[in-house]
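This report covers helix packing, overall shape, pockets and backbone geometry. Please keep the structure open while reading.

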Amino acid sequence: MEQFACEMAASAPDTIGIEEDLGKEGDLLPCLTVEADGTGVVSYLALPEGPELAPFLDLVGWMAGASLPLASQMASRLTGLDPAAELTVFIARACPHCPHAVREALRIAAACPQVFVQVVDAQLHGSLSTMYSVRSVPTTVLDSELSFTGVVESSTIVDRILGRGSPAHRMEVFSSLAVSGRTSEAASMLMAPGGAALLAGAWRSSSMSSRLGLMMVVQEALDLSPGCLESCEEDLVTVLFSGDTSLRGDTLDILSRIGTSTSLPAIRQCLLDMNPDVAEMAAEAIALITARSEGGR
């Protein structure tokens with residue numbers, strides 16, 4: 001990496017300078033950091049060689065003012081961004097799509113001083129990949145919370161950055177944590193004030209695969225705080241009458257885990273469900289909730 005930096009500086013001595021920094025305790029090394037006046041900071045925990053060289057050279061050109069990285073209208077939306085944003089892009093050397101994902105993130109950093117981008121070799125830094133539950137590349141993570149798999153256009157990322165703090169963003173972060181397997185973090189969101197509403201919203205729009213992650217989150221939240229999801233029962237009950245058989249069955253499962261008698265009238269209606277598996281799950285849910293209720297007397 002040091003050799004790469006020296007070669008870059010030698011190729012454009014009037015534009016590129018090098019400063020050595022051994023880093024501080026806890027920093028991941030080796031790291032190549034690129035910065036210029038009026039732009040965000042970009043750190044490479046990966047060597048920008050092969051296919052990754054092209055977006056790196058684009059970055060250098062943008063930072064040197066050779067061209068505009070973003071359309072002026074999009075760049076103006078980021079003016080005065082507060083708080084700052086952090087984008088972490090996980091890549092693999094042989095991935096043909098990773099350079100495109102990196103370029104989209106670099107465009108934003110080159111246009112906004114308040115955006116920090118970190119490009120990470122997912123194999124070289126396995127512990128970081130595990131921390132963010134990275135299962136495929138490219139994966140882009142916003143503020144260590146919201147994950148995007150595949151190539152995401154810079155305009156979409158800008159929208160997400162500017163939407164931080166909104167209820168929709170909070171819902172998206174919760175769903176992202178649950179689906180990516182970051183169960184404990186998602187469970188903490190559920191247990192926070194107003195967190196139960198996140199489950200109802202995510203559950204209604206869930207797919208068969210994403211519900212597995214949501215159910216794991218629900219179980220962890222209930223193990224830590226048994227009554228934390230009672231306020232979302234009313235919303236979940238409405239899903240029992242969905243046209244999706246799998247969703248009805250999984251909803252019965254989740255209501256039986258929450259376990260209050262509030263949902264029993266609606267669950268009893270499911271005993272007449274046209275699908276025998278759903279009807280059987282309704283009977284099991286009633287038995288579990290009743291036993292739990294009687295056991296608490």
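How are α10 and α12 oriented to each other, roughly parallel or roughly perpendicular? The model is predicted, and the answer comes from its helix axes. The axes of α10 (residues 208-224) and α12 (residues 245-258) cross at roughly 5°. They come within 11 Å of one another. Angles under 35 degrees count as roughly parallel. The two helices, α10 and α12, are therefore roughly parallel to each other.

The contact can be listed residue by residue. On the α10 side are Met208, Arg211, Met215, Val218, Gln219 and Leu222. On the α12 side are Ser246, Leu247, Asp250, Asp253, Ile254, Arg257 and Ile258. By class, the contact of α10 with α12 has seven nonpolar, two polar and four charged residues.

**Overall shape**

The protein contains 14 helices and six strands. Its radius of gyration is 24 Å, well over the 19 Å that the globule rule gives for 297 residues, so the protein is more spread out than a compact globule. The C-alpha trace spans about 80 × 35 × 30 Å along its principal axes.

**Pockets**

Rolling a probe the size of a water molecule over the atoms shows where empty space is left. Two pockets are set side by side here.

| Pocket | Volume | Nonpolar lining residues | Polar lining residues | Charged lining residues |
|---|---|---|---|---|
| Largest pocket | about 1,200 Å³ | 21 | seven | seven |
| Second largest pocket | about 190 Å³ | two | seven | one |

Start with the largest pocket, at about 1,200 Å³. It is lined by 35 residues. Closest to its centre are Glu19, Cys31, Leu32, Thr33 and Val34. Which elements each supply at least two residues of this lining? They are α1 (2-11), β1 (32-34), β2 (42-45), α2 (53-63) and β4 (115-121). The largest share comes from α1, with five residues.

The second largest pocket holds about 190 Å³ of space. Its lining consists of Ser133, Val134, Arg135, Ser136, Thr139, Ser147, Thr149, Ser176, Val179 and Ser180. Two elements give two or more residues to this lining: β6 (146-149) and α7 (167-179). By class, the lining has seven polar residues, two nonpolar and one charged.

**Backbone geometry**

Most residues other than glycine have a negative phi, and most peptide bonds are trans. Several places in this model depart from that pattern.

Where does the chain carry a cis bond into a proline? One is the peptide bond from Leu29 to Pro30, with omega near 0°. Pro30 sits in the loop between α1 and β1. Another is the peptide bond from Val137 to Pro138, with omega near -5°. Pro138 lies in the loop between α5 (126-131) and β5 (139-142).

Positive phi angles come next. Ser133 is not a glycine, yet its phi is positive, at about 50°. Ser133 is in the loop between α5 and β5, and Pro138 is found in the loop between α5 and β5 as well. Ser133 also appears in the lining of the second largest pocket. Asp143 is not a glycine either, and its phi is positive at about 55°. Asp143 belongs to the loop between β5 and β6.

How values were computed. Residues are numbered from 1 along each chain as its sequence is written. This is a predicted model: local features need pLDDT of at least 70, side-chain atom pairs count only at pLDDT 80 or more; totals for chains, interfaces and linings use all residues. Side-chain values use heavy atoms; hydrogens and water are left out. On a 1 Å grid over the protein atoms alone, a cavity is a set of points where a 1.4 Å probe fits but cannot get out, and a pocket is an open set with protein on both sides within 12 Å along at least five of seven lines; lining residues have an atom within 4 Å of a point. Grid points are joined across faces, edges and corners, and a volume is the space filled by probe spheres set on the points. Helices (H or I, at least four residues) and strands (E, at least two) are DSSP runs, numbered from the N terminus. Ala, Val, Leu, Ile, Met, Phe, Trp, Tyr, Cys and Pro count as nonpolar, Asp, Glu, Lys and Arg as charged, and the others, Gly among them, as polar. Axes are lines fitted to C-alpha atoms, for helices over the stretch in contact, and angles run from 0 to 180 degrees between N-to-C directions. Angles under 35 degrees count as roughly parallel, over 145 as roughly antiparallel, 65 to 115 as roughly perpendicular and the rest as oblique. Contact means heavy atoms within 4.5 Å. The radius of gyration is taken over C-alpha atoms; the globule rule is 2.2 Å times the number of residues to the power 0.38.
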